[in-house]
Amino acid sequence: MHGEYKVPGGKLVVVDLEVEDGVLRHVRVAGDFFLEPDEAFDALSHALEGAPADTDAAGLAARIDAALPENAVLYGLTSEGVGVAVRRALAHATDWTDYDWQLIHEAPQSPALLMALDEVLTEEVAAGRRPPTLRVWEWASPAVVIGSFQSLRNEVDLAGAERHGIEVVRRISGGGAMFCEPGNAITYSLSVPDSLVQGLSFADSYAYLDDWVLDALGDMGIKAWYQPLNDIATDAGKVAGAAQKRVAGGHGAVLHHVTMSYDIDAEKMVEVLRIGREKLSDKGTKSAKKRVDPLRRQTGLPREAVIERMLDSFRTRYGLTAGKATDEEMARARELARTKFSSPEWTARVP
């Protein structure tokens, strides 16, 4: 069995192993990490030899920590990362490079249609009718997007939204509200087979699916990191938030979408989002710009250039072929946009 795991912000860990009589045998740990002293390397594999095959990642990490010399220093590697690589091997997890990734980057679309496409495309990946897909959103109009389980009236000042001409829609994933304006937000979705995140905890899957964009930001000179559970942050402040939805059917799939702040009208945001006021008050912060630091300032690049550099980074690492939603997928999405994502019943399902 073979498992790979790139430690978020670190290096690749590769584990090969066999299972005999319910325990791990012939374990071999490798990777492009750094480890000192040299004898600590052998301790990694020896610590896992004979471990029960149902040991979780934390239990495997504890075995490694107990076996490492006191003076061991790990660079780009964690004991937890090795444990995750083992769990991925046992789960027969796939890797990013196992797939032919498709890019969808269409002309601006309505907020309701953007929500519907997430559902349709991820269902198609789950059914095996669509390859893993990276979709970059273009907003036709401003919107507040609330999480699947959020209260509409608690999150949104509806009078403020109406005053500013901002549509309110509800997505299928959990998490918090997003304030998006054309030209100010960079939003993308990953619709991936469930096998890509096998062996990962729910929390670990966020870091794993966000890792490529951290590298892309690094290529633009921005040191960014994953901040549990679902934020991407820099020294200057938060730049993005993520949300996920597991989709059943077929072999299963995961929807992982991220909204990044390219620019922000902070005053308008706090007039529309009630939660924005609460968070500012809770943090003792007077300005939303202190909490969210846009990529426009940090990169000095046009929005289109930031997107293109992100796509180039993904393409270099994993390959990426331009595609589009099929006519059938678009027809289903338009119907869902009309009957579900534009309906008061769905938007106010939690009043």
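**A walk through the core, cavities and loops**

The largest nonpolar core of this structure has 72 residues, and those with the most contacts inside it are Trp 96, Trp 101, Leu 190, Trp 212, Met 260 and Met 310. The largest share of that core comes from helix 7, residues 202-219, which supplies 9 residues. Apart from this core lies another one, of 26 residues, with Ala 112, Val 120, Ala 185 and Ala 333 among them. I should say at once that what we are looking at is a predicted model.

Let me stay with Trp 212 for a moment. What is Trp 212 in contact with, once its neighbours within four places in sequence are left aside? The partners are Trp 96, Leu 134, Tyr 188, Leu 190, Met 310, Ser 313, Phe 314 and Tyr 318.

Trp 212 also leads us to the cavities. A search of the whole structure finds 2 cavities of 30 Å³ or more, and the largest has a volume of about 40 Å³. Trp 212 is part of the lining of this largest cavity, together with Leu 134, Val 136, Ile 186, Tyr 188, Ile 307, Met 310 and Leu 311. Strand 7 (133-136), strand 11 (185-193) and helix 11 (303-318) each supply at least two residues of that lining, and helix 11 gives the most, with 3 residues. Sorted by class, the lining has 8 nonpolar residues, no polar and no charged ones.

The second largest cavity has a volume of about 30 Å³. Its lining is made of Ile 104, Glu 106, Ala 107, Gln 109, Leu 114, Arg 135, Val 136, Trp 137 and Glu 138, and by class this comes to 5 nonpolar, 1 polar and 3 charged residues. If you are following on the structure, Val 136 is a useful marker, since Val 136 is named in the lining of the largest cavity and again in the lining of the second largest.

Now to the helices towards the start of the chain. In helix 1, residues 39-48, the buried residues are Ala 40, Ala 43, Leu 44, Ser 45, Ala 47 and Leu 48, and they pack against strand 3 (23-31), strand 4 (34-36), helix 2 (57-67) and helix 3 (79-90). Helix 1 is followed by Gly 50, whose phi is positive, near 85 degrees. Leading into helix 1, in the loop between strand 4 and this helix, we find Pro 37, and the peptide bond that joins Glu 36 and Pro 37 is cis, with omega about -10 degrees.

Helix 2 has Ala 57, Leu 60, Ala 61 and Ile 64 as its buried residues. Why are they on the same side of helix 2? They cover an arc of only 100 degrees around the axis, and therefore sit on the same side of the helix. As a general point, an α-helix has 3.6 residues a turn, so residues three or four places apart point the same way. The cover over the buried residues of helix 2 includes strand 3, helix 1 and helix 3, while the face turned away from the buried side carries the exposed residues Ala 58 and Ala 66.

Next, the loop between strand 11 and helix 7, where both Asp 194 and Val 197 are placed. Are these residues buried or exposed? Val 197 counts as buried because its relative accessibility is 4%, which is under the 20% limit, whereas Asp 194 is partly exposed, with a relative accessible area of 21%. Not counting residues up to four places away in sequence, Val 197 touches Arg 88, Ser 205, Tyr 208, Leu 209, Arg 246 and Val 254, and Asp 194 touches His 251, Gly 252, Ala 253 and Val 254. Asp 194 and Gly 252 are 58 residues apart in sequence, yet their C-alpha atoms are 5.2 Å apart in space; for Val 197 and Ala 91, 106 residues apart in sequence, the C-alpha to C-alpha distance is 9.5 Å.

I will finish with some details of the backbone. A cis peptide bond runs from Pro 228 to Leu 229, with omega near 0 degrees, and Leu 229 is found in the loop between strand 12 (224-227) and strand 13 (231-234). His 26, placed in strand 3, has a positive phi of about 55 degrees although it is not a glycine, and it is partly exposed at 41% relative accessible area. His 92 likewise has a positive phi, near 55 degrees; its place is in the loop between helix 3 and strand 6 (102-105), and at 56% relative accessibility His 92 counts as exposed.

Definitions and conventions
Residues are numbered from 1 along each chain as its sequence is written. This is a predicted model: local features need pLDDT of at least 70, side-chain atom pairs count only at pLDDT 80 or more; totals for chains, interfaces and linings use all residues. Side-chain values use heavy atoms; hydrogens and water are left out. On a 1 Å grid over the protein atoms alone, a cavity is a set of points where a 1.4 Å probe fits but cannot get out, and a pocket is an open set with protein on both sides within 12 Å along at least five of seven lines; lining residues have an atom within 4 Å of a point. Grid points are joined across faces, edges and corners, and a volume is the space filled by probe spheres set on the points. Helices (H or I, at least four residues) and strands (E, at least two) are DSSP runs, numbered from the N terminus. Ala, Val, Leu, Ile, Met, Phe, Trp, Tyr, Cys and Pro count as nonpolar, Asp, Glu, Lys and Arg as charged, and the others, Gly among them, as polar. A nonpolar core is a set of buried Ala, Val, Leu, Ile, Met, Phe, Trp, Tyr and Cys residues joined through side-chain atoms within 4.5 Å. Buried means under 20% relative accessible area, exposed over 50%, partly exposed in between (1.4 Å probe, protein chains only). Contact means heavy atoms within 4.5 Å. The arc is that of the directions from the helix axis to the C-beta atoms.
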